[in-house]
Amino acid sequence: MFRIVIIEDDQEVREELKILLHNAGYEAIVIENLQENVEEKIMKQDPNLVLLDINLPEKNGYEICSKLRKQSNVPIIFVTSRNNSMDELNGLVVGGDDYIEKPYNVPVLLARIAGILKRVEKNKSESSIIEYRGIQLNTLKGIVSYQEKEIELPRTEFKILYYLFKNAGKIIPRVDIIEYMWDNQMYVDDNTLSVNMTRIREKLSEIGIYHLIETKRGQGYKL
Amino acid sequence: MNVKEYILEKTKYILLFMIYHVFLYIFLLAMQIASNEIWLLILMNTGIGILYMIYDYQKHKKVFIKIDQLMDKLQEKYLISEVIKKPKTQVEQYYYELLKKANKSMIEEVNKVKNSQKEYKEYIESWIHEIKIPITSAMLLCENNKSLTTRKIYIQLEEINNFVEQVLFFARKENVSSDYIIQKTVLNRVIDSVISRNKQLFIQEQIQIHTSEKEVTAYTDEKWLEFIINQILMNCIKYKNKRNADIVIDIEEKEKQIEMSICDNGMGIKESDIGRVFEKGFTGSNGRKIGKKSTGIGLYLCKNLCEKLGMNIQIESKENEYTKVILYIPKSQEWQELQKNRNLTKF
């Protein structure tokens with residue numbers, strides 16, 4: 001599990017951020033006391049990634065970042081409410097890997113974290129094949145395979161199925177799927193989702209998969 | 001100053017000259033001097049008088065031309081008293097000193113206003129950073145506790161955030177040079193980021209969005225462009241038609257610039273209103289129609305920011321059919337500079 005250190009002076013924000021990262025499957029560590037030796041405290045945690053605020057009570061995030069850079073190559077993402085391009089440039093100059101504005105768009109934040117971690121920790125990268133009940137999704141090729149048979153799905157349909165696989169076993173509200181699609185630049189609405197669901201079911205039955213996706217009336221779908 | 005004005009100004013001297021010569025004529029006649037000789041004298045005097053006036057006129061004219069030229073070259077016109085030569089005559093000197101004093105007090109006044117404006121801008125910026133923290137934590141709270149209610153709260157938070165941004169950019173629009181960086185920007189990414197930021201709103205309002213897949217780059221500031229597109233999309237939502245609302249965002253590459261068009265099928269703009277939509281505070285009949293309060297700031301700000309980024313913005317519409325906003329974004333850095341300077345000299 002990747003360990004992410006959060007440096008943030010607002011208590012409410014850091015608590016929620018911790019919960020959010022935890023839900024996303026990371027180990028999140030909050031450093032409470034930002035008065036002194038912040039860099040040491042960060043390094044002691046041996047993090048895979050640092051989320052760093054810029055406006056801090058004692059010193060600013062840029063300083064912490066440049067000090068951290070002297071001793072480590074740990075990826076650093078600035079999260080801040082300062083939002084002009086100059087700030088962003090400063091962040092990159094002192095060695096930050098990315099820069100995200102507050103209030104952050106949560107999926108974007110998670111995507112950037114995942115992206116950076118994937119790049120840095122190459123060898124631990126997640127596999128491109130997901131399996132559930134003997135059905136395999138190949139995320140690189142966009143192919144579903146089951147018992148020697150396989151079928152290629154269009155991008156939108158594959159993304160929907162991928163999201164269902166990721167959340168297998170849970171009831172997934174329709175609106176969650178729609179939001180997920182929007183975060184991936186596929187702007188589907190309620191009707192289009194229904195159409196896509198029907199098509200996915202048809203295509204799955206072509207390779208012998210029946211009743212994989214259950215419809216929970218008024219709640220959503222379940223794999 | 002022309003000859004007529006000059007003569008008009010000197011009328012009383014000319015009159016005095018004539019009266020004097022009438023008296024002189026009578027006086028000399030009484031002294032039994034021949035009328036011919038007197039006329040000769042008068043003629044000579046008149047000649048000298050006219051010569052002097054021509055000389056005097058030329059001299060004044062030269063001074064005026066010189067001051068005009070100085071004035072043209074000067075960027076801050078109010079500094080004119082610092083650059084003109086100190087005059088020689090008493091009246092002129094008196095006015096010269098007066099002008100200097102007036103300018104000095106004016107400059108002090110201007111500086112005071114500038115400072116207070118700067119202070120205000122700084123205050124607004126820091127206030128915005130402050131307000132964004134509770135917005136962030138509220139949004140995170142919603143995200144961590146997803147339910148129907150928190151989704152609705154989230155949409156409200158997005159709206160609050162949009163308004164806050166508007167204030168920020170309004171504060172920034174005056175002295176912008178330090179607040180933006182022009183660089184190669186992938187336009188599709190900017191569009192996607194705006195849509196993703198407001199996705200809950202779009203989903204709730206059941207708006208279809210179609211974007212082009214082809215990746216296009218241009219020279220602009222990402223954050224500013226994001227703000228501009230956001231304002232336009234917010235308008236699309238605000239003035240949408242009830243059913244089957246959709247928005248088409250298209251990017252077309254032209255020789256020198258990129259044309260980005262955002263077209264909705266909303267209520268459109270009246271022909272009589274369309275010329276004024278970029279005016280500050282203009283709300284038009286649509287603003288009144290939708291019941292929600294519109295501020296008349298959004299498009300005004302867009303236009304203003306576009307000009308500073310070397311971009312152009314245009315709007316086309318047909319009432320009850322569509323509204324199409326077109327952004328012209330520079331494709332190269334040189335073109336961006338050129339457009340920017342052209343835009344700035346318009347004022």
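**Ile19(B) and its patch**

I looked up Ile19(B) and found that Ile19(B) is partly exposed, with a relative accessible area of 45%. I note that the model is predicted. Ile19(B) belongs to helix 2 of chain B, which covers residues 11-30. I then asked which residues make a nonpolar surface patch with Ile19(B). The patch is made by Leu15(B), Met18(B), Ile19(B), Val22(B), Phe23(B) and Ile26(B), and I have its area as about 610 Å².

**A sheet in chain A**

I turned to three strands of chain A, which form an open sheet in the order 10-12-11 with antiparallel pairing. Strand 10 (171-172) and strand 11 (214-216) of chain A are at the edges, and each has a single partner strand, so one side of each has no neighbour in the sheet. In general, the strands of a sheet pair through backbone hydrogen bonds, parallel or antiparallel. I checked how strand 10 of chain A is joined to strand 12 (residues 220-222) of chain A: the two strands run antiparallel and two bridges join them. Opposite Ile171(A) I found Lys222(A), in strand 12 of chain A.

**Aromatic pairs**

I searched the whole structure for aromatic pairs and got twelve over all chains. One of them is formed by Tyr25(B) and Trp39(B); this pair is tilted, with 5.5 Å centre to centre and 50° between the planes. The pair links distant parts of the chain, since Tyr25(B) is in helix 2 of chain B and Trp39(B) is in helix 3 (residues 35-73) of chain B, 14 residues apart. I looked up the exposure of Tyr25(B) as well: Tyr25(B) is partly exposed, at a relative accessible area of 23%.

Next I took Phe169(B) and Trp224(B), an edge-to-face aromatic pair with 5.8 Å centre to centre and 90° between the planes. Phe169(B) lies in helix 6 (residues 148-172) of chain B and Trp224(B) in helix 9 (residues 222-238) of chain B, so the pair ties together parts 55 residues apart in sequence. Are Phe169(B) and Trp224(B) buried or exposed? I found both Phe169(B) and Trp224(B) buried.

I also noted a cluster in which ring pairs link Trp182(A), Tyr187(A) and Phe202(B).

**Charges over rings**

I went back to Phe169(B) and asked which residue lies over its face. That residue is Arg172(B), at 5.7 Å from the ring centre. My last entry is Lys303(B), whose charged end sits over the ring of Phe278(B), 5.1 Å from the centre of that ring.

Conventions. Residues numbered from 1 in each chain as written. Chains lettered and ligands numbered in written order. Predicted model: local features only at pLDDT ≥ 70, side-chain atom pairs only at ≥ 80, totals over all residues. Heavy atoms only, no water. Patch = residues over 30% accessible without salt bridge, like charges linked within 9 Å, V, L, I, M, F, W, Y side chains within 5 Å. Areas by Shrake-Rupley, 256 points an atom, 1.4 Å probe, with all protein chains shown as cover. Salt bridge = Lys/Arg side-chain N within 4 Å of Asp/Glu carboxyl O. Helix = DSSP H or I, 4+ residues; strand = E, 2+ residues; numbered from the N terminus. Buried < 20%, exposed > 50% of the residue type's maximum accessible area, 1.4 Å probe, protein only. Pairing = 2+ DSSP bridges. Phe/Tyr/Trp six-rings, centres within 6.5 Å; stacked < 30°, edge-to-face > 60°. Lys NZ or Arg CZ within 6 Å of the ring centre and 35° of its normal.
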